[in-house]
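Trainee: Could we go through this model together? I would like to begin with a single residue and work outward from there.
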Amino acid sequence: MAERVQSKRHSSALESESHLRELVDIYQQPLLRYAQRLTGGDTGRAEDVVQEAFLRAWRHLDQLTADRGSVTGWLRRVVHNLVMDGYRMKKARPTEVDIENATEVATADPMAVVVDSLLVEQVLRGLWPEHRAALVETYLNGRTAAEISATLGVPVGTVKSRVHYALRAARKATANHLLCAA
């Protein structure tokens, strides 16, 4: 009796394998083309999706018969769902980057903005008050030399001179900070 059960299982496994081979022979190329369209031409991803679709077909082989509905429709729906699931997972995860392109795609470090603003504050504190006022009005408040001249009550030439010397001192101070940081 055990031999008959084992023989029946072996026969059933051979039939299932044969049925799956037939499905792969018939549907593999059309599904691959469909998956490539859905993945934007990514052949590797399309092949993975089709392989997963056939794995799922293997698990549901008893349901994949013409009398139970469209086999093509079922397989295409599985491929479609797998591709869409992949897109959803990518949105939920951080962006994946090839190691070759990592330096191009690297995002700015938010701490760099904090460090830069602290450096600017420190450099500005080290300037003479007259130079600092001219620099702040010019670069941070976007005012012209004539506007600053009227506000501070000094000639336009003096404003330009103060901005010049303030920038020179700021560059020197920044260079010193960068050397210390390195």
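Mentor: Let us begin with T43, which is placed in helix α2. Please keep in mind that this is a predicted model.

Trainee: Is T43 buried, partly exposed or exposed?
Mentor: T43 counts as partly exposed, because its relative accessibility is 35%, and the partly exposed class runs between 20% and 50%.

Trainee: How far apart are T43 and R33 in space?
Mentor: Their C-alpha atoms are 9.0 Å apart, and the two residues are ten positions apart in sequence.

Trainee: Staying with helix α2, which residue forms a salt bridge with E52?
Mentor: The partner is R56, with an N to O distance of 3.1 Å between the side chains. Because E52 and R56 are four residues apart in helix α2, about one helical turn separates them.

Trainee: And how accessible are E52 and R56?
Mentor: E52 is partly exposed, with a relative accessible area of 25%. R56 is partly exposed as well, at 31%.

Trainee: How many salt bridges does the structure hold?
Mentor: There are five. One of them links E17 and R21, whose side chains meet at 2.6 Å, N to O. These residues are four apart in helix α1, so they too are separated by about one helical turn.

Trainee: Are E17 and R21 exposed or partly exposed?
Mentor: E17 is partly exposed, at 34% relative accessible area. R21 counts as exposed because its relative accessibility is 52%, and the exposed class begins over 50%.

Trainee: Which residue does D85 pair with?
Mentor: D85 forms a salt bridge with R88, and their closest N and O atoms are 2.8 Å apart. Both residues lie in helix α3, three positions apart, which is about one turn of the helix. D85 is partly exposed at 37% relative accessibility, whereas R88 is exposed at 53%.

Trainee: Turning to the interior, how many residues are in the largest nonpolar core?
Mentor: That core has 22 residues. Those with the most contacts inside it are L23, Y27, L31, V50, F54, L75 and V79.

Trainee: Which helices supply at least two residues of this core?
Mentor: Helices α1 (2-38), α2 (43-59) and α3 (71-92) each do so. Helix α1 gives the most, with eight residues.

Trainee: Why would such side chains come together?
Mentor: In soluble globular proteins, nonpolar side chains tend to be buried together.

Trainee: What does V50 touch, leaving out residues up to four places away in sequence?
Mentor: V50 touches Q28, L31, L32 and A35.

Trainee: What does the second core include?
Mentor: It is a separate core of nine residues, among them L124, A134, I148 and V154.

Trainee: What about E137: buried or exposed?
Mentor: E137 is buried, because its relative accessible area is 18% and the buried class lies under 20%. This residue is in helix α6, which covers residues 129-140.

Trainee: Which side chain does E137 join in a polar contact?
Mentor: The side chain of N141, at 3.1 Å. Beyond its neighbours within four places in sequence, E137 contacts G142, R143 and I148. Of these, I148 is also included in the second core.

Trainee: Finally, which residues make the nonpolar surface patch?
Mentor: M111, V114, V115 and L118 make a patch of about 360 Å². M111 is found in helix α5, residues 110-125.

Note on methods: Residues are numbered from 1 along each chain as its sequence is written. This is a predicted model: local features need pLDDT of at least 70, side-chain atom pairs count only at pLDDT 80 or more; totals for chains, interfaces and linings use all residues. Side-chain values use heavy atoms; hydrogens and water are left out. A nonpolar core is a set of buried Ala, Val, Leu, Ile, Met, Phe, Trp, Tyr and Cys residues joined through side-chain atoms within 4.5 Å. Buried means under 20% relative accessible area, exposed over 50%, partly exposed in between (1.4 Å probe, protein chains only). Contact means heavy atoms within 4.5 Å. Patches are made of residues with over 30% relative accessible area and no salt bridge: like charges are joined within 9 Å, nonpolar side chains (Val, Leu, Ile, Met, Phe, Trp, Tyr) within 5 Å. Accessible areas come from the Shrake-Rupley method with a 1.4 Å probe; for residues, only the protein chains shown count as cover. A salt bridge is a side-chain nitrogen of Lys or Arg within 4 Å of a carboxyl oxygen of Asp or Glu. A polar contact is a pair of N or O atoms within 3.5 Å; within protein, one must be able to donate a hydrogen and the other to accept it, and residues adjacent in sequence count only if both atoms are side-chain atoms.
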